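Please open the model in your viewer and keep the sequence beside it. The tour goes from the whole chain to single residues, and each stop begins with something to select.

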Amino acid sequence: MRRAFRKITKQAGIGTAWTPRELRHSFVSIMSDQGVPIETIADLVGHAGTSVTEAVYRHQLRPVTTKGAHTMNIIFGDSRHG
């Protein structure tokens with residue numbers, strides 16, 4: 001598996017230092033950046049709940065958290081932002 005993956009990444013021009021596991025992190029980052037809910041991301045990566053997803057991928061989920069907080073500020077009003 002790793003040899004085949006290395007061949008693919010080499011042909012893609014991104015080097016051979018990548019591992020298949022990094023695809024999960026990239027996937028979570030892309031989904032998070034696109035505003036996909038944490039529950040959906042957790043389900044898509046095969047986690048039973050959101051706690052593992054949040055613990056392992058916390059740094060990649062910040063955009064989802066930030067977007068959620070911003071939305072709540074719009075709904076309930078935030079005196080700091082107008």
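A helix, as the word is used on this tour, is a DSSP run of H or I with at least four residues, and helices are numbered from the N terminus. With that in mind, Ala 42 can be placed in helix α3, a stop to which the tour will return.

**The whole chain**

Start by selecting everything, and bear in mind that this is a predicted model. The chain has 5 helices and 0 strands, and reading along the sequence gives the pattern α-α-α-α-α. Of the 82 residues in the chain, 22% are buried, while the area that the chain exposes is about 6,200 Å², with carbon and sulfur atoms supplying 58% of it. Among contacts in the chain with a separation of 6 or more, 31% are between residues 24 or more positions apart.

If you now colour by pLDDT, the average over the chain is 81, and 80% of the residues score at least 70. Where in the chain is confidence lowest, and where is it highest? It is lowest in helix α5 (residues 62-76), at a mean of 71, and highest in α3, at 92.

**The start of the chain**

Select Met 1 next, in the segment before α1 (2-11). Met 1 counts as exposed because its relative accessible area is 73%, over the 50% that the term requires. Adding Thr 19 to the selection shows two C-alpha atoms 9.8 Å apart, although the residues are separated by 18 positions along the chain.

**Helix α2 and the core**

Move on to residues 20-33, which form helix α2; its 14 residues reach 21 Å from the first C-alpha to the last, close to the expected 20 Å. The buried residues in α2 include Val 28 and Met 31, along with Ser 29 and Ser 32. After the helix comes Gly 35, which has a positive phi near 80 degrees.

Which residues make up the largest nonpolar core? Select Val 28, Met 31, Val 36, Ile 41, Val 45 and Tyr 57 together, and you have its 6 residues. Within this selection, Met 31 touches Val 36 and Ile 41, and beyond it Leu 44, when residues up to four places away in sequence are not counted.

**Ala 42 in α3**

Return now to Ala 42 in helix α3. Is this residue buried or exposed? Ala 42 counts as buried because its relative accessibility is 2%, under the 20% cut-off. Leaving out residues up to four places away in sequence, Ala 42 touches His 47, Gly 49, Thr 50 and Thr 53. Its C-alpha atom lies 8.0 Å from that of Val 52, a residue 10 positions away along the chain.

**His 47 in the loop**

For the last stop, select His 47, in the loop between α3 (38-44) and α4 (50-57). His 47 is buried because its relative accessible area, 17%, falls under 20%. Show the side chain of Arg 24 as well, and you will find a polar contact of 3.2 Å joining it to the side chain of His 47. Apart from neighbours within four places in sequence, His 47 is in contact with Arg 24, Ala 42, Val 52, Thr 53 and Tyr 57, and Tyr 57 is one of the residues in the largest nonpolar core.

Note on methods
Residues are numbered from 1 along each chain as its sequence is written. Side-chain values use heavy atoms; hydrogens and water are left out. Helices (H or I, at least four residues) and strands (E, at least two) are DSSP runs, numbered from the N terminus. Buried means under 20% relative accessible area, exposed over 50%, partly exposed in between (1.4 Å probe, protein chains only). Contact means heavy atoms within 4.5 Å. Accessible areas come from the Shrake-Rupley method with a 1.4 Å probe; for residues, only the protein chains shown count as cover. A nonpolar core is a set of buried Ala, Val, Leu, Ile, Met, Phe, Trp, Tyr and Cys residues joined through side-chain atoms within 4.5 Å. The expected span of a helix is 1.5 Å times one less than its number of residues. A polar contact is a pair of N or O atoms within 3.5 Å; within protein, one must be able to donate a hydrogen and the other to accept it, and residues adjacent in sequence count only if both atoms are side-chain atoms. pLDDT is the predictor's confidence in each residue, from 0 to 100.
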